[in-house]
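User: I would like to go through this protein with you before planning my bench work. Could you take my questions one at a time?

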Amino acid sequence: MENKDNYLETSKAERSVWLMKCPGLVSRSLKAPQLSSSSSSSSASSSQAVAKVILSIDPRVSSDDNDSSSPQFTMELVGTETGDVPKRYSMDMTKDFVPMSVFSETSQGKLAVEGKILNKFDMRPHDENIENYGKLCRERTTKSMNKSRQIQVIDNDNGTHMRPMPGMIIAAVFNEKKKAPAKTSDTKRTRRDRGEMEDIMFKLFERQSNWTLRQLIQETDQPEQFLKDILKDLCIYNNKGTNQGTYELKPEYKKATDGTNP
């Protein structure tokens, strides 16, 4: 025995219906009351009406001018629950579209043809409501951009819900590299007496005529700035030539050191 639920109900296939594209605000207002989608009789209670369509025809315009004499449709929302939603909308009708039909499916899976589309409408706010509608759109955009943030206290503080994300690990490694301590070797070096260091420097330059700053720091184990101050008084820095980047004694000190040699 065949299951009749598998058949497509087509008793309303030739019924003319309208296809209307409307803003979300209007769509929600139309869905507020629970109206029967299949009821089209005039016996529907007037208390259930949420909108009315007004058809305007100017009999003074010649019918030869199709654009001017075409009917003008306007929809007015009559429900009290519409709030600040504009009440009046213009409906631009067109018949230039691909033939379409409307289908429905019940919760039991029954399929039916509800009708074929006769007219297609694009709804837009009426001229008198343009300013109000624009204000609503701006408020909606502003509201969507302002994301609320909440602070939540975690009851379980043993760390099981605090697993680091990959990005957090990378950031932590980067911060560790960035916070790498500067040269701390100078802080561990103890300054010698100035006179004692000058004697040591003269002995080093007796052994070798040219020294780099790094070499002198390694030989004397003294703070860099302290050595620079002494070198500024005793030496000349070579900016060019074969000894570029090294220090050598000033001529007057060279003579003094030479004179001390046996």
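Analyst: The following conversation goes from the overall make-up to individual helices, strands and residues; please note that the model is a predicted one.

User: How many helices and strands does the protein have?

Analyst: There are nine helices and nine strands in the protein.

User: And what share of the residues counts as buried?

Analyst: Of its 262 residues, 23% count as buried. The accessible surface of the protein is about 20,400 Å², and carbon and sulfur atoms account for 51% of that surface.

User: What about contacts between residues at least 6 apart in sequence: what percentage joins residues at least 24 apart?

Analyst: Of those contacts, 59% join residues at least 24 apart.

User: Let us turn to the interior. Which residues touch the most other members in the largest nonpolar core?

Analyst: That core has 17 residues, and the ones touching the most other members are Met201, Phe205, Leu216, Leu227, Leu231, Leu234 and Cys235. Two or more residues each are given to this core by α6, α7, α8 (224–234) and β9 (247–249).

User: Is there another core, and which residues are among its members?

Analyst: Another core, of twelve residues, lies apart from the largest one, and its members include Leu25, Met75, Met91 and Met123.

User: Back to Cys235. What does cysteine 235 touch, beyond residues up to four places away in sequence?

Analyst: Cysteine 235 touches Phe205, Tyr247, Glu248, Leu249 and Lys250.

User: Now α7. Which of its residues are buried?

Analyst: The buried residues of α7 are Leu213, Leu216, Ile217 and Thr220. They lie on the same side of α7, because the arc they cover around the axis is only 100°.

User: What covers them, and what sits on the face turned away?

Analyst: The cover over the buried residues of α7 includes α6, α8 and β9. The face turned away from the buried side carries the exposed residues Arg214 and Gln218.

User: Anything to note just after α7, say at aspartate 221? What is its phi?

Analyst: Aspartate 221, just after α7, takes a positive phi of about 55°.

User: Why does isoleucine 217 count as buried or exposed?

Analyst: Isoleucine 217 has a relative accessible area of 13%, and buried means under 20%, so isoleucine 217 is buried. Leaving out residues up to four places away in sequence, isoleucine 217 touches Arg189, Gln222, Glu224 and Leu227.

User: How far is isoleucine 217 from lysine 228?

Analyst: The two are eleven residues apart in sequence, and their C-alpha atoms are 9.9 Å apart in space.

User: Where does asparagine 210 lie?

Analyst: Asparagine 210 lies in the loop between α6 (194–207) and α7 (213–220). Asparagine 210 is buried, at a relative accessible area of 15%.

User: A buried asparagine, then. Which side chain makes a polar contact with that of asparagine 210?

Analyst: The partner is glutamate 248, and the polar contact between the two side chains is 3.3 Å. Not counting residues up to four places away in sequence, asparagine 210 touches Gln215, Asn238, Asn243, Thr246, Tyr247 and Glu248.

User: Changing topic to strands. Is β4 mostly covered or mostly open?

Analyst: Strand β4, residues 72–77, is mostly covered, with five of its six residues buried.

User: Which strands are joined to β4, and by how many bridges?

Analyst: Strand β3 (residues 51–56) is joined to β4 by six bridges, and the two run antiparallel. Four bridges join β4 to β5 (residues 88–94), again antiparallel.

User: Which residues stand opposite each other there?

Analyst: Serine 56 stands opposite glutamine 72 in β4. Glutamate 76 stands opposite arginine 88 in β5.

User: What does serine 90 in β5 touch, leaving aside neighbours within four places?

Analyst: Serine 90 is in contact with Phe73, Asp122, Met123, Arg124, Pro125 and His126. Serine 90 counts as buried, at 10% relative accessibility.

User: Finally, α1: which residues are buried, and which are exposed on the face turned away?

Analyst: In α1 (residues 24–31) the buried residues are Leu25, Val26 and Ser29. Those three cover an arc of only 95° around the axis, which puts them on the same side of α1. Arg28 and Lys31 are the exposed residues on the face turned away from that buried side.

Terms used
Residues are numbered from 1 along each chain as its sequence is written. This is a predicted model: local features need pLDDT of at least 70, side-chain atom pairs count only at pLDDT 80 or more; totals for chains, interfaces and linings use all residues. Side-chain values use heavy atoms; hydrogens and water are left out. Buried means under 20% relative accessible area, exposed over 50%, partly exposed in between (1.4 Å probe, protein chains only). Two strands pair if DSSP finds at least two bridges between them. The arc is that of the directions from the helix axis to the C-beta atoms. A polar contact is a pair of N or O atoms within 3.5 Å; within protein, one must be able to donate a hydrogen and the other to accept it, and residues adjacent in sequence count only if both atoms are side-chain atoms. Contact means heavy atoms within 4.5 Å. Accessible areas come from the Shrake-Rupley method with a 1.4 Å probe; for residues, only the protein chains shown count as cover. A nonpolar core is a set of buried Ala, Val, Leu, Ile, Met, Phe, Trp, Tyr and Cys residues joined through side-chain atoms within 4.5 Å.
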